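This report introduces a protein structure to a reader who has not met it before. The sequence and the model are shown first.

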Amino acid sequence: TAPGPRSYTTLRDEAVKLFNSLQQLELERDPVPLMQGVLQTCLDLPPLVDEIYCQLVKQTTEPPAPGGQGDLHYWQLLTCMSCTFLPSPPVLRFLRFHLDRRVTESRFPTSEMAKYACFIREALEKTKGRECVPSLEEILVLMRRQEMICTVHCPGVPACSVAISSHTTAEEVRGHVARELVSRLGLSQSPNLFALYEQSRRREQPVGSATLLADVLTRFE
């Protein structure tokens, strides 16, 4: 289930807890819940976002085992961070320098670390902030640098499957589905408009055009 409300102590204490979580991340066989917990803390306590970015830059600089499990776990968490939060401008400049150096580093030009660095650099150009932390499914997808498949159920026709990223808005998905429906139902001359709804057992409501579909999927998780 998605993380619920938490109680926190001081920022200093929480920063120490996050540091300990990062140390534990190296050895985790299933790092996804721990990653989601770190992301949730950063969402609840925004001043810690820069702290985690700086710690991750440190952990991915000259690691003892480049490309090993622990190193990749840090890169994967950095990937999730980049799709969820923007750091402050000074930390963002520092982070971009770190990513550029990793991409162009002659020792590992085609490594997994370089691929993560390219992915993160592109994600930072699109990230505007999230209402929810990535779902467990989204974290797994981000760890593989892939897209999620979102299923949109439409009346009278089979469901539409749409590939989405952490940055895909409801407006973009609605446009894709509308084109599919126009084609399937022969509605090219129809003046009707289409809306995207999220439906649970308790409610049904329209999804705002600027809403990130990844946030909607997290709420369903």
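The sections below treat the salt bridges, the paired strands, two individual residues and one pocket.

The structure is a predicted model, in which local features need pLDDT of at least 70, side-chain atom pairs count only at pLDDT 80 or more, and totals for chains, interfaces and linings use all residues. Residues are numbered from 1 along each chain as its sequence is written, and side-chain values use heavy atoms, with hydrogens and water left out.

**Salt bridges**

The structure holds 9 salt bridges, a salt bridge being a side-chain nitrogen of Lys or Arg within 4 Å of a carboxyl oxygen of Asp or Glu. Three of the pairs are listed here.

| Pair | N to O distance |
|---|---|
| Asp 100 and Arg 121 | 2.5 Å |
| Glu 138 and Arg 130 | 3.0 Å |
| Asp 215 and Arg 130 | 2.7 Å |

Asp 100 lies in helix H5 (residues 89-104) and Arg 121 in helix H6 (residues 112-124), so this salt bridge ties together parts that are 21 residues apart in sequence. Helices (H or I, at least four residues) and strands (E, at least two) are DSSP runs, numbered from the N terminus. Asp 100 is partly exposed, with a relative accessible area of 32%, and Arg 121 is likewise partly exposed, at 31%. In these terms, buried means under 20% relative accessible area, exposed over 50%, and partly exposed in between (1.4 Å probe, protein chains only).

Arg 130 takes part in salt bridges with Glu 138 and with Asp 215. Asp 215 belongs to helix H9, while Arg 130 sits in the loop between H6 and helix H7 (136-143), so their pair ties together parts that are 85 residues apart in sequence. Arg 130 is buried, with a relative accessible area of 9%; Asp 215 also counts as buried, at 2%, and Glu 138 is buried as well. Elsewhere, a network of salt bridges links Glu 112, Lys 115 and Arg 145.

**Paired strands**

Strand S1 (residues 148-152) pairs with S2 in the antiparallel sense over 5 bridges; two strands pair if DSSP finds at least two bridges between them. Met 148 stands opposite Ile 164 in S2. Side chains alternate along strand S2 (residues 160-164): Cys 160, Val 162 and Ile 164 point to one face and are buried, whereas Ser 161 and Ala 163 point to the other and are not.

**Two individual residues**

Thr 169 is found in the loop between S2 and helix H8 (170-185) and is buried, with a relative accessible area of 18%. Leaving aside neighbours within four places in sequence, Thr 169 is in contact (heavy atoms within 4.5 Å) with Ser 209, Ala 210, Thr 211, Leu 212 and Leu 213.

Gln 23 lies in helix H1 (residues 11-25) and is partly exposed, at 32% relative accessible area. Residues up to four places away in sequence not counted, Gln 23 touches Gln 59 and Tyr 74. The C-alpha atoms of Gln 23 and Gly 70 are separated by 9.1 Å, although these positions lie 47 residues apart in numbering along the chain.

**A pocket**

On a 1 Å grid over the protein atoms alone, a pocket is an open set of points where a 1.4 Å probe fits, with protein on both sides within 12 Å along at least five of seven lines; lining residues have an atom within 4 Å of a point. The second largest pocket has a volume of about 270 Å³. Strand S3 (197-199) and helix H9 (213-220) are the elements that give two or more residues to its lining.

Definitions and conventions: Points joined across faces, edges and corners; volume = space filled by probe spheres on them.
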